[in-house]
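Here are a few short exercises to work through with the model open in your viewer. Try each one yourself before you read the solution.

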Amino acid sequence: MLTFDLVVVGGTAPGVVAAVRAARDGLRVALVTAGNALGGALPSLGALETHYRGNRAPLLEEISAAVRAYYRERYGTGSEQDRACGGGKMVTFEPKVMEGVLERLVVGEANLRLWRGYALATVERAGRTVRAATFTSVGGERLELRAGAFVEASYEGDLIDRAGAAWRIGRESRSEYGEPRAGRVFTRWLTGTFPRAAAEGRLNLVTAGATTSEPLPGSTGEGDDNIQSYSYRLCLTDDPGNRRLLEAPPPSYDRSAFAPLLRPVEEKAKLRLPFHHRFLIYSLREMAERDHLFHGHALPNRKRSWNATNLTGGGRGWATADASGREVIARRHREHALGLMWFLQNDPEMPDDLRIEAREWGLARDEFVGNDNLPPQLYVREARRLIGRAIFTENDALLPPGSGRAPVHADSIGITEFSLDSLACTTERLGDSLCDGQLFQMEVSVPGQVPFGVLLPREIDNLLVVTTVSATHVGWGTIRQTPTLMHLAESAAWAVVLAARDTLAPANVRVERLQRRLVEHGVMISFFNDFDMGTREPWVPAVQYFGAKGAFDSYDARPAECGADFLARYRATCGT
């Protein structure tokens with residue numbers, strides 16, 4: 001039995017952030033991951049997916065800066081690679097670059113010990129305290145770790161389950177939390193016809209060029225156990241020297257699953273197809289003309305993260321399955337992605353010009369070289385979700401009637417900023433709607449405050465959750481984005497650090513003290529248009545702090561007018 005101050009379960013990007021922050025601030029930390037690679041799905045995403053380009057949390061900024069520095073140092077400032085990395089709406093990267101950044105981040109911490117290839121087996125709990133956790137390797141070796149605090153950083157929520165914390169899977173009904181888009185819901189795309197708050201200067205965010213409609217007639221709002229779709233984000237390239245074309249279809253290839261793509265869009269509208277929404281509303285030719293057959297983030301060095309391989313309904317049962325059951329589900333998703341690629345590139349009924357275009361792209365030979373050029377991690381968009389001391393709902397990312405900002409949380413420890421976003425949950429459609437559950441509410445979503453309670457199980461005081469956080473299905477759509485979860489993970493780590501110094505359980509740390517530590521160390525807890533955490537002014541912590549106390553009725557802080565007053569108030573209130 002080995003003893004640490006903190007055990008982090010899960011080598012996802014939020015898990016890495018939590019472990020590194022705690023280790024840097026003097027705690028003895030164990031990071032345990034079931035796989036071999038670090039970062040979970042983040043490397044294969046190819047981007048820090050966010051609508052906010054501001055400075056919001058130190059480790060998130062450090063990781064982003066390390067990616068930018070790699071391309072500048074290797075290829076030169078202003079190079080094609082440098083522009084591809086940082087010149088768009090999001091910071092983009094090749095998977096191997098992000099893998100390297102995260103590996104160096106972990107290896108560089110003397111107080112951090114990493115175990116790879118160990119899956120959680122059992123949890124020892126006494127009352128409201130988790131005492132220890134046992135892990136097993138593929139070879140049957142046991143690892144027993146005891147700690148004063150634990151962090152859940154897996155996609156599945158295995159730690160909260162084994163520890164006996166409450167969780168749920170699926171969609172709430174519309175009536176449960178009064179969420180307009182909850183439960184069974186149908187929408188359609190609106191393009192270029194909606195009020196884009198950021199584009200009009202009201203919010204300092206980068207907007208997308210589309211939004212989904214309000215719920216259509218037939219959206220009953222009934223709850224169920226459906227979750228949004230999973231996928232493998234394959235890394236493709238059109239570089240002939242690095243491109244690997246498939247030599248054969250995957251073992252389970254079924255042409256009939258993909259043949260409907262060849263039908264006219266009017267006919268496809270009547271079908272139930274488990275593909276990305278663009279395949280549902282455009283013909284293949286329209287896809288090639290408007291966007292790209294291999295839609296996804298454009299990455300440096302002629303690569304692309306392919307975001308059109310979603311298998312709607314294929315993730316059912318993932319969270320509660322054992323290792324062999326999850327491998328069956330993962331293999332089904334891999335073969336679906338490869339089958340779609342094979343179809344586009346080789347099917348004899350594909351139009352010649354589109355087949356030729358598709359064959360310009362193949363798997364990048366220099367990515368995921370130890371895993372047949374395929375991502376080792378399935379993109380698990382939604383699994384278990386904690387039922388915590390607070391629950392982030394759709395309404396936490398909407399403007400209440402008559403208000404200029406989303407609901408204020410006095411215990412805020414982070415922000416959301418992405419659109420309320422869910423991929424399809426079932427293949428059911430009503431008329432020309434998108435599949436049931438498809439949402440991208442760019443026109444109504446606004447930055448929200450995340451209460452500390454979403455990280456805290458109701459039953460346990462020394463366990464914090466930084467991946468499967470407490471949120472409704474619709475609220476999860478904005479809080480689930482990897483940069484947001486990394487942001488929350490840094491806040492969680494600070495709570496563990498403060499608790500260890502005062503010999504407390506993290507849940508019992510005084511919230512105001514935690515918030516002061518966060519804002520004074522560059523962690524955002526309130527979104528404002530007119531400054532970020534990189535602003536070097538003494539009033540920044542004060543305005544951030546009082547932003548969580550209801551002192552502002554809009555997203556404009558106007559620090560030139562009130563910054564000095566808030567700084568004086570902050571010093572009087574907090575004694576600093």
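This is a predicted model.

**Exercise 1.** Find which strand holds T211, decide whether T211 is buried or exposed, and look for a polar partner of its side chain.

*Solution.*
- Step 1: T211 sits in strand β9, which covers residues 210-212.
- Step 2: The relative accessible area of T211 is 0%. Buried means under 20%, so T211 counts as buried.
- Step 3: A polar atom of the T211 side chain lies 3.1 Å from the backbone oxygen of F440. The cut-off for a polar contact is 3.5 Å.

**Exercise 2.** Check the length of helix α1 (residues 13-24) against its expected span, then work out how covered α1 is.

*Solution.*
- Step 1: Helix α1 has 12 residues, and at 1.5 Å a residue it should span 16 Å. The expected span takes one less than the number of residues.
- Step 2: The end C-alpha atoms of α1 are 16 Å apart, so the model agrees with the expected span.
- Step 3: Of the 12 residues in α1, 11 are buried, so call the helix mostly covered. Among the buried ones are P14, V17, V20 and R21.
- Step 4: After α1 comes G26, with a positive phi near 95°.

**Exercise 3.** Classify how α16 (residues 540-547) packs on α17 (residues 559-574), and sort the contact residues by class.

*Solution.*
- Step 1: The two axes, of α16 and α17, come within 8 Å and cross at roughly 75°.
- Step 2: Angles of 65 to 115 degrees count as roughly perpendicular, which makes α16 roughly perpendicular to α17.
- Step 3: From α16, the contact uses P541, A542, V543, Y545 and F546; from α17, it uses F566, L567, R569, Y570, T573 and C574.
- Step 4: By class, that gives nine nonpolar, one polar and one charged residues.

**Exercise 4.** Do likewise for α3 (residues 58-75) and α14 (residues 482-501).

*Solution.*
- Step 1: The axes of α3 and α14 are 8 Å apart, at an angle of about 130°.
- Step 2: That makes α3 oblique to α14.
- Step 3: P58, L59, L60 and I63 of α3 meet P483, M486 and E490 of α14.
- Step 4: The contact splits into six nonpolar, no polar and one charged.

**Exercise 5.** Describe the surroundings of A163 in helix α6.

*Solution.*
- Step 1: A163 is buried, at 3% relative accessible area.
- Step 2: Setting aside neighbours within four places in sequence, A163 contacts V123, R125, V130, I460 and L463.
- Step 3: R131 is 32 residues from A163 in sequence, with 9.9 Å between their C-alpha atoms.

Key
Residues numbered from 1 in each chain as written. Predicted model: local features only at pLDDT ≥ 70, side-chain atom pairs only at ≥ 80, totals over all residues. Heavy atoms only, no water. Helix = DSSP H or I, 4+ residues; strand = E, 2+ residues; numbered from the N terminus. Buried < 20%, exposed > 50% of the residue type's maximum accessible area, 1.4 Å probe, protein only. Polar contact = N/O pair within 3.5 Å; in protein donor to acceptor, adjacent residues only side chain to side chain. Axes fitted to C-alpha atoms, helices over the stretch in contact; angles between N-to-C directions. Parallel < 35°, antiparallel > 145°, perpendicular 65-115°, else oblique. Contact = heavy atoms within 4.5 Å. Nonpolar A, V, L, I, M, F, W, Y, C, P; charged D, E, K, R; others polar.
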